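User: Could you take me through some helix packing and internal cavities, and show how each label is earned?

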Amino acid sequence: MTFPLRSLAAVALAAAAFLCTAAGAGGNDAAQRGAALAEARGCGGCHGERGHSPTPNVPSLAGQPPEAIVLNMILFREGLRDAPPMPDLARDLTDRQIEDLAAFYASLPPGPPEDRGAPDPARMREGALLAERLNCGVCHLPDYRGQNQVPRIAGQREDYLLLSLRGYRDGTRRGTDTNMNAVVYGLSDAQLAALAHYLAQQGER
Amino acid sequence: MIRRSLAFGLAVALAASGVAWAQQQQQQPPPAWAQGRPPEMANSRLAPHPPRLTVTPPEQVPVAALRVPAGFRVELWAHGIPGARMMTLGQNGTVFVGTRVIGRVYAVTDEGGQRRVRTIAERLNQPNGVAFRDGSLYVIAINRVLRYDGIEGRLDDPGTPVELTAAFNLPPDEHHGWKFAAFSPDGRLTMNIGVPCNICEFDRDRYGLIVSFRPDGSDRRIEAKGIRNSVGFDWHPVTRELWATNNGRDWAGNDVPPDTLHRIRRPGEDHGFPFCVGDWNDPAVPRRNCSEFVQPAASLGPHVAALGMRFYTGAMFPEQYRNQIFIARRGSWNREQLIGYDVVVARLDAQGNVTGIEPFLTGLLDQANDRFLGRPVDVLQLRDGSLLVSDEQNGAIYRISRAQ
């Protein structure tokens, strides 16, 4: 797979945007280093320049909690989460580089992908009921922005949400613990699709 | 297993708290950490703390915050060991370190006063258990047992281990499936088999056990039953009795039940889980008379996660520490206020009665801000009598010695 070359201006822009939102000074440096590394490694070619993924089945990373990104990158690097092409792309990254990349993506404002479709009322209703009944908001927080190791799922790409929910249900994906596998245990494809649809429609419009 | 625990939870829920919750439970089991959570706690934000899997730079390891009693000193002995948990000592002095999520086993050696850290195994499923015997390192992951022969002579190239998985035939369950492992004084490889849930109905001869085997995996024997999940044990240096820590269940309240210390006088005795912790009858399960069970030797505090423990046999510490138990308390998640995050000493009298639990290593719990700086998981005595403490959160090992 090849990725278009991006201009340095994009990096500068990302870094500048971060200056306005960064909470800590240390995080600021890390985010700038992360922006440069993401540029050099072409992460944006799949995940979107500003972390809003335009690519089917590739997650948006903007506004993810840094812990969630770090932990998944380590799982890729250590060969503990098998999801091509990420294990190969993470193989030679150091801990520090992974933390920098996470600081960068965490600093970007979250938002839906450009190709998000319109909400479908029936699936929105079913998804909302399921999310309520299954307590998704307890761990992912009521607005689904995530916390610590629990990822942001509001406004995530619908196809990726469905892919990961299927992976948890079928036991092909496991995180740093097995909570998600238990949460979606026994749900039907239609139920997972309703959840994915509902969550993809949450967050900033 | 899942279905049985579900049916059991269903019965309890129906009896205790109405049908709505029960119907919800019928459709899928709650995540393992939330099983047994009463409906009034369904929206609780308490959840296990995230692990840290990256290197903590040495200047960020909170050694300066650590406190030990007067006359002792504590230093950073090794760092750059993400996820460091259980420790065991090789005959040439190598410290082997197991982990959970990151899937690695490390070897730490002392080279001219500097520590060198090597990753000797990786991509394993929670290789928490490490034990050393006759030149071989035994690594126990979930449902997997590996033996690395002559390991200390080949740390740079450990080679392919001997696969003993089939011989040990451990249950495959992930939850509480990680092991603490150690060799008994008579050479039996001993390990926990935790319950695959928070609280549930389970086969009490298959789970909730401490079991021992011959080193080749044959001759399984139950050392203790009714022990929910023991991630630390050791044998009394004089009486050779087995003593073990045990983790109490979650979601029964901020202050119940306590984690416990168990004295195992005779193999196979029943220590009460899931029915009783001491004289506390768990309301989530059918009532039993708690005097049917062996009583714990001591209570170690609610939700503290009392894990690695060892008897002190060295000559470096004052006489009053000899044959006393050092216990690492990794620290709570299922409690509104944090508790633990320290190393305590259980004081025993000549009859083996616990006369008190005293703080020993403190400073990792910042009570004022209700946050923690590190999570001690195991303790290990070195040959010189100093004591190592592993800190999983910082991937570090501290060394406590007598101040000169």
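What follows is a friendly walk through two helix pairs and two cavities in this predicted model.

User: Why is the packing of H9(A) against H11(A) called oblique?

Analyst: Helix H9 (residues 158-169) and helix H11 (residues 189-200), both of chain A, pack at an angle of about 140°, and their axes are 8 Å apart. Roughly antiparallel needs an angle over 145, and roughly perpendicular covers 65 to 115. The angle of about 140° fits neither class, so H9(A) counts as oblique to H11(A).

User: What is the hand of the crossing of H9(A) with H11(A), and which residues meet there?

Analyst: The crossing is right-handed. From H9(A) come A:Glu158, A:Leu161, A:Leu162, A:Leu165, A:Arg166 and A:Arg169, while the H11(A) side includes A:Asp189, A:Leu192, A:His197 and A:Ala200. By class, the residues of this contact are nine nonpolar, one polar and four charged.

User: What makes H4(A) and H6(A) oblique to each other?

Analyst: Here the reasoning runs through the angle again. Helix H4 (residues 66-77) of chain A packs on helix H6 (residues 95-107) of chain A at about 140°, with 8 Å between the axes. Roughly antiparallel would take an angle over 145, so H4(A) and H6(A) are oblique to each other. H4(A) passes H6(A) in a right-handed crossing.

User: How do you know which residues form the contact of H4(A) with H6(A)?

Analyst: Contact requires heavy atoms within 4.5 Å. On H4(A), the residues are A:Pro66, A:Ile69, A:Val70, A:Met73, A:Ile74 and A:Arg77; among those on H6(A) are A:Asp95, A:Glu99, A:Leu101 and A:Tyr105. The contact has 10 nonpolar, no polar and three charged residues.

User: Now to the cavities: how many of 30 Å³ or more does the structure hold, and what lines the largest?

Analyst: There are four cavities of 30 Å³ or more, and the largest holds about 130 Å³ of space. Its lining has 19 residues, with B:Asn246, B:Gly248, B:Phe273, B:Cys276 and B:Val277 the closest to its centre. Strand E16 (258-264) and strand E18 (276-277) of chain B each give two or more residues to the lining, and E16(B) supplies the largest share, three residues. By class, this lining has eight nonpolar, eight polar and three charged residues.

User: What makes A:Ser60 a lining residue of the second largest cavity?

Analyst: A lining residue has an atom within 4 Å of a cavity point, and A:Ser60 is one of those lining the second largest cavity, as are A:Pro110, A:Arg152 and A:Glu204. This cavity has a volume of about 80 Å³, and its lining divides into five nonpolar, five polar and two charged residues.

How values were computed: Residues are numbered from 1 along each chain as its sequence is written. Chains are lettered from A and ligands numbered from 1 in the order in which they are written. This is a predicted model: local features need pLDDT of at least 70, side-chain atom pairs count only at pLDDT 80 or more; totals for chains, interfaces and linings use all residues. Side-chain values use heavy atoms; hydrogens and water are left out. Axes are lines fitted to C-alpha atoms, for helices over the stretch in contact, and angles run from 0 to 180 degrees between N-to-C directions. Helices (H or I, at least four residues) and strands (E, at least two) are DSSP runs, numbered from the N terminus. Angles under 35 degrees count as roughly parallel, over 145 as roughly antiparallel, 65 to 115 as roughly perpendicular and the rest as oblique. A crossing is left-handed if the near helix is turned anticlockwise from the far one by less than a right angle, and right-handed if clockwise. Ala, Val, Leu, Ile, Met, Phe, Trp, Tyr, Cys and Pro count as nonpolar, Asp, Glu, Lys and Arg as charged, and the others, Gly among them, as polar. On a 1 Å grid over the protein atoms alone, a cavity is a set of points where a 1.4 Å probe fits but cannot get out, and a pocket is an open set with protein on both sides within 12 Å along at least five of seven lines; lining residues have an atom within 4 Å of a point. Grid points are joined across faces, edges and corners, and a volume is the space filled by probe spheres set on the points.
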